[in-house]
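Subject: Structure handover

Hello,

Here is the structure I promised to pass on. Please open it next to this email, as my notes follow directly below.

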Amino acid sequence: MSTNPSKYVFNHTMIRVKDPKASIQFYTEVLGMKLLTKREFESSKFTLYFLAYVDTVPQSDEEAAKLAFSIPGVLELTHNWGTESQADFSYANGNTEPGRGFGHTAILVDNIEKACERFEKLGVKFIKKLTDGSMKNIAFIADPDNYWVEIIANPRICGSAPA
């Protein structure tokens, strides 16, 4: 049997979330992703949620699951049951101690200034605004679990990649 690495595709990344309702609201209503499918594992007490940027979500769960596992850029949210009711519980976001390592995800937007204005109006927490620091062409926001999301203007729309 042979395989061709040039046909491999980066499918998804997974982050753990404390409160799936807050996280799904953030990724769907703030960032515009769509929930493709949800998988519950009752015996292990966790649920997986798969989100992506797609035009439509198939009606059947089987087709939605096929889509989730066949396109690039899927975000998997893992919720271990009970964490949402633990007041002092939090996951390491990778950018603070303990647990430094994971850095961020990144989202391309059509107009970074307008996107940041929208995030501001929605009350989204900023880690770095466009006006902060020396890199004036990127921003960082935080999701409900304080994972960082880099905001980048899509170079195919704005004409240049971040420097």
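In which loop does P98 lie? P98 sits in the loop between strand 4 and strand 5. Keep in mind that this is a predicted model. I mention P98 early on account of its backbone: the peptide bond from E97 to P98 is cis, with omega near -10 degrees. Most peptide bonds are trans.

**Overall layout**

The protein chain has 163 residues, and 38% of them are buried. It contains 4 helices and 8 strands. Read from the N terminus, the order of elements is β-α-β-β-α-β-β-α-β-β-β-α. Along the principal axes, the C-alpha atoms fill a box of roughly 50 × 45 × 30 Å. Take the contacts in the chain with a separation of 6 or more: 57% of them join residues 24 or more positions apart.

**Helix 3**

Helix 3 covers residues 112-121. Its buried residues are I112, A115, C116 and F119. Viewed down the helix axis, these buried residues fall within an arc of 95 degrees, so they line one face of helix 3. The general rule behind this is that an α-helix has 3.6 residues a turn, so residues three or four places apart point the same way.

K114 and K121 are exposed on the other side of helix 3. The buried residues have several partners. They pack against helix 1 (20-30) and against strand 5 (104-109), strand 6 (125-128), strand 7 (138-142) and strand 8 (148-153).

Look at both ends of helix 3 too. N111 caps the N-terminal end, with a side-chain oxygen 3.2 Å from the backbone nitrogen of E113. Just after the helix, G123 takes a positive phi of about 80 degrees.

**Helix 2**

Helix 2 runs over residues 61-68, and its buried residues are A64, A65, L67 and A68. These cover an arc of only 160 degrees around the axis, which puts them on the same side of helix 2. They pack against strand 2 (34-41), strand 3 (46-52) and strand 4.

**Two pockets**

The largest pocket holds about 310 Å³ of space. It is lined by 18 residues, and the closest to its centre are M33, Y53, G73, A106 and I107. Strand 4 (74-80) and strand 5 are the elements that give two or more residues to this lining. Strand 5 provides the largest share, 4 residues. What is the make-up of the lining of the largest pocket, by nonpolar, polar and charged residues? The split is 15 nonpolar, 3 polar and no charged.

The second largest pocket has a volume of about 200 Å³. Its lining has 14 residues, with L108, V109, D110, A115 and F119 nearest the centre. Strand 5 and helix 3 each supply at least two lining residues here. Helix 3 gives the most, with 4 residues. This lining divides into 9 nonpolar, 2 polar and 3 charged residues. Two residues link this pocket to the helix 3 notes above: A115 and F119 are among the buried residues of helix 3, and both are among those nearest the pocket centre.

**E76**

Is E76 buried or exposed? Its relative accessibility is 9%, so E76 counts as buried; the cut-off for buried is under 20%. E76 is found in strand 4. Leaving out residues up to four places away in sequence, E76 touches H12, T13, M14, I15, L48, Y49 and F50. With H12 there is also a polar contact, side chain to side chain, at 2.9 Å. For scale, E76 and N95 are 19 residues apart in sequence and 19 Å apart in space, C-alpha to C-alpha.

**Backbone points to check**

Most residues other than glycine have a negative phi. Two loop residues go the other way.

- K45 is not a glycine, yet has a positive phi of about 60 degrees. K45 is in the loop between strand 2 and strand 3.
- N146 is also not a glycine, and its phi is positive, near 70 degrees. N146 lies in the loop between strand 7 and strand 8. With a relative accessible area of 25%, N146 is partly exposed.

Best wishes

Key. Residues numbered from 1 in each chain as written. Heavy atoms only, no water. Buried < 20%, exposed > 50% of the residue type's maximum accessible area, 1.4 Å probe, protein only. Arc of directions from axis to C-beta. Contact = heavy atoms within 4.5 Å. Polar contact = N/O pair within 3.5 Å; in protein donor to acceptor, adjacent residues only side chain to side chain. 1 Å grid on protein atoms, 1.4 Å probe; cavity = no way out; pocket = protein on both sides within 12 Å on 5 of 7 lines; lining within 4 Å. Points joined across faces, edges and corners; volume = space filled by probe spheres on them. Nonpolar A, V, L, I, M, F, W, Y, C, P; charged D, E, K, R; others polar.
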